[in-house]
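Trainee: I would like a close look at one part of this structure, the place where two of its domains meet. Could you walk me through it slowly?

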Amino acid sequence: MYNPPDYFQIDELFTEEHLIIRDAVRNWVNKSVKPIIDNAAQNHKFPIHLIKELGEIGAFGPYIPEKYGGAGLDQTSYGLIMTELERGDSAIRSAASVQSSLVMYPIFAFGSEEQKQKYLPKLASGEWVGAFGLTEPNHGSDPGGMLTNIKDKGDHYLLNGSKMWITNSPIADVGVVWAKDENGIVKGLIVEKQMAGLSAPETKNKWSLRASITGEFVFDNVKVPKENLLPNIKGLKGPLMCLNSARYGIAWGVIGAAMDCYDTAVNYALERKQFGKPIASFQLQQKKLAEILTDITKAQLMAWRLGVLRNENRATPAQISMAKRNNVEMALKTARESRQILGAMGISGDFPIMRHMMNLESVITYEGTHDIHLLITGFDITGISAFGE
Ligand code: TGC
Ligand code: FAD
């Protein structure tokens, strides 16, 4: 029986609606994700049948208004949904993050009314899968150097270039892709899978996020109709604003992975006996559990407060970076310590810890690496950018 840690009675800070939403997603994860996820990860296969179910439970675009198919919920609800999904697996949270924050959000925030009506309801229901193309083979942390480009051809743009490490690209119906125009200004475009010259080969052989599908986007003279340009944004701040939303979701999501590891470790420590006693009775194991619970509690408080600030439209990108960085590190450390508590059993697929640990190695890298988020905080403190130039 799952016993989620709530050491500081943080549940009291949520509304009844928040808790109903949280519990509904928790039940769905127990029913639909937990029983199949180890097998999916072992077989390096994204459980694509869950896409429709994610749409049904409202995990796609929870904060998008109902008139576009979203649930019209607040940012705290979004966070709680992400926590529960990532308790199942980071791959499931990733699918929901990309669809919500990186595809639906830019269409909602920067798109035309026609674009919103055409794409958002189908993305919300899971009828269409979306992907977000920013990273390139030679431009990861520095997306401003991107080479993917568009040329104005009168009634359409000609799109050339490539994107790498793109979650869901091989199964995507729709992609939000960032490219430079002839003046070097970053623009956002909506591409569709049937466009000639667009391919999305799968990236195989990952040791992390094995239950997620990752691939490339290759654009070879793709004709993109002019009405597919996102009209209300230009410049690198466009994709970076999407990242704020996704990074925020990760700051909450990884708490779920950490809680799952902690819960597994506590139960195991109480049951497993060595030297005639439960290993939970040894001080060294108690130290690990006590530190993990302290770290989870701090992360919960940080996420909760960030949610309140976002609900009031006051959260800064630097605050989001701090929370993403802190909470992912917390979750990774929790997974590593919890795995040790299980001894050899810690590496077995019969328990979720090793899978979470491997996943979190991607989570600490994508949406801005651990180092980049530290530099964002350093920049915020000093006003001096240490990124390059
Ligand atoms: P810089 O000159 O600092 O900024 C360019 C313009 O953007 C503005 N800006 C932001 N705006 C909104 N939100 C933010 N977080 C922003 N950060 C910067 C900035 O004010 C400026 O605006 P303006 O009006 O003056 O033009 O840009 P830079 O080239 O120096 O780079 C800064 C840096 C390193 C922080 C940034 O590029 C960065 O965050 N790099 C990390 C890249 C990254 O996170 N990639 C993620 C790819 S997507 C992904 O990983 C999805 S995983 C999906 C899954 O969950 O499965
Ligand atoms: P690099 O930028 O090459 O960095 C390598 C190392 O150098 C890192 O440790 C980094 O911190 C360090 N470094 C770089 N610059 C500096 C600096 N100025 N100072 C100090 N250290 C520095 N991208 C998308 O666009 N869409 C997606 O859907 C998506 N999904 C992903 C899914 C997975 C499973 C993974 C692993 C990645 C995904 N990404 C996606 C890409 C991800 O965002 C990038 O991997 C990430 O931004 C880092 O880029 P990079 O891998 O090129 O590393």
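Mentor: Happily! Let's begin with polar contacts: between domain 1 and domain 2 there are 11 residue pairs in polar contact, with both partners at pLDDT 80 or more. A polar contact is a pair of N or O atoms within 3.5 Å; within protein, one must be able to donate a hydrogen and the other to accept it, and residues adjacent in sequence count only if both atoms are side-chain atoms.

Which helices supply the domain 1 side of this meeting place? At least two residues each come from α1 (16-42), α4 (90-110) and α5 (113-125). Helices here are DSSP runs (H or I, at least four residues), numbered from the N terminus. With 10 residues, α4 gives the largest share of that side. Sorted by type, the residues on the side of domain 1 that touches domain 2 are 17 nonpolar, six polar and four charged. In this sorting, Ala, Val, Leu, Ile, Met, Phe, Trp, Tyr, Cys and Pro are nonpolar, Asp, Glu, Lys and Arg are charged, and the others, Gly among them, are polar.

A word on what you are viewing. This is a predicted model, in which local features need pLDDT of at least 70, side-chain atom pairs count only at pLDDT 80 or more, and totals for chains, interfaces and linings use all residues. Residues are numbered from 1 along each chain as its sequence is written, chains are lettered from A and ligands numbered from 1 in the order in which they are written, and side-chain values use heavy atoms, with hydrogens and water left out.

Now step back to the domains themselves. Domain 1 covers 10-129, domain 2 covers 131-228 and domain 3 covers 237-382, with bounds from an automatic or database domain assignment. The contact takes 27 residues from domain 1 and 22 residues from domain 2, where contact means heavy atoms within 4.5 Å. Taken over C-alpha atoms, the centres of domain 1 and domain 2 are 23 Å apart.

How much area is buried between domain 1 and domain 2? The figure is about 2000 Å², and carbon and sulfur atoms give 65% of it. Buried area is the accessible area (1.4 Å probe) that two parts lose on being put together, summed over both. H44, Y119 and V129 supply 33% of what domain 1 buries against domain 2, more than any other three residues.

Finally, the rule finds one salt bridge across this interface of domain 1 and domain 2. The term means a side-chain nitrogen of Lys or Arg within 4 Å of a carboxyl oxygen of Asp or Glu. K118 forms a salt bridge with E192, and their closest N and O atoms are 2.9 Å apart.
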